[in-house]
Amino acid sequence: MSINMRNGLAQCNYIIPPTKAKASRRRLPTDADLELWTDGSFEIKTHTGASAAILVSRNDNDEHIEEDAKCYTCLSSSYEAELMALLLGLQILLSRDPRYK
């Protein structure tokens, strides 16, 4: 990994060795049963935003299973709104697992 400073910002480069890159590609599922879609938005002037997550079943009908959305009145960045959307999505997934009920 290398870190360079450019215009006051850190630029990070990490090169995955070819053998590790091939191994990680083999482990990724190509026919997942579920898809989780997330999105977040942020208004810089008011520091407000929203986040949403949608869980979809990848069967013959592409069935929409569950969704959640929240509004926020005190966010600091669009990254935070995106992070909150990911957390909503993870909460949806955990709520469907009987071990966490």
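Mentor: Contact here means heavy atoms within 4.5 Å. The model is predicted.

Trainee: Which residues does serine 51 contact, leaving aside its neighbours within four places in sequence?

Mentor: Serine 51 is in contact with Asp39, Gly40, Asp68, Ala69, Lys70, Tyr72, Ala81, Met84, Ala85 and Leu88. Serine 51 itself has its place in strand E4.

Trainee: Why is serine 51 called buried?

Mentor: Buried means under 20% relative accessible area. Serine 51 has 3% relative accessibility, so it counts as buried.

Trainee: What makes the approach of the serine 51 side chain to alanine 81 a polar contact?

Mentor: The cut-off for a pair of N or O atoms is 3.5 Å, with one able to donate a hydrogen and the other to accept it. The side chain of serine 51 reaches the backbone oxygen of alanine 81 at 2.6 Å.

Trainee: How do you know that E4 and E5 pair?

Mentor: Pairing takes at least two bridges. Strand E4, residues 48–57, and E5 have 8 bridges in the antiparallel sense. One of the residue pairs is alanine 50 with its bridge partner cysteine 71 in E5.

Trainee: Why are E3 and E5 said to stand at the edges?

Mentor: The open sheet has 3 strands in the order E3-E4-E5, paired antiparallel. Strand E3 (34–43) and strand E5 (64–72) each have a single partner strand, so one side of each is left without a neighbour in the sheet. On average, neighbouring strands are turned by 10° against each other, direction ignored.

Trainee: Which helix lies across E3, E4 and E5?

Mentor: That is helix H2, residues 78–96, which runs at about 35° to E4.

Notes
Residues are numbered from 1 along each chain as its sequence is written. This is a predicted model: local features need pLDDT of at least 70, side-chain atom pairs count only at pLDDT 80 or more; totals for chains, interfaces and linings use all residues. Side-chain values use heavy atoms; hydrogens and water are left out. Helices (H or I, at least four residues) and strands (E, at least two) are DSSP runs, numbered from the N terminus. Axes are lines fitted to C-alpha atoms, for helices over the stretch in contact, and angles run from 0 to 180 degrees between N-to-C directions. Buried means under 20% relative accessible area, exposed over 50%, partly exposed in between (1.4 Å probe, protein chains only).
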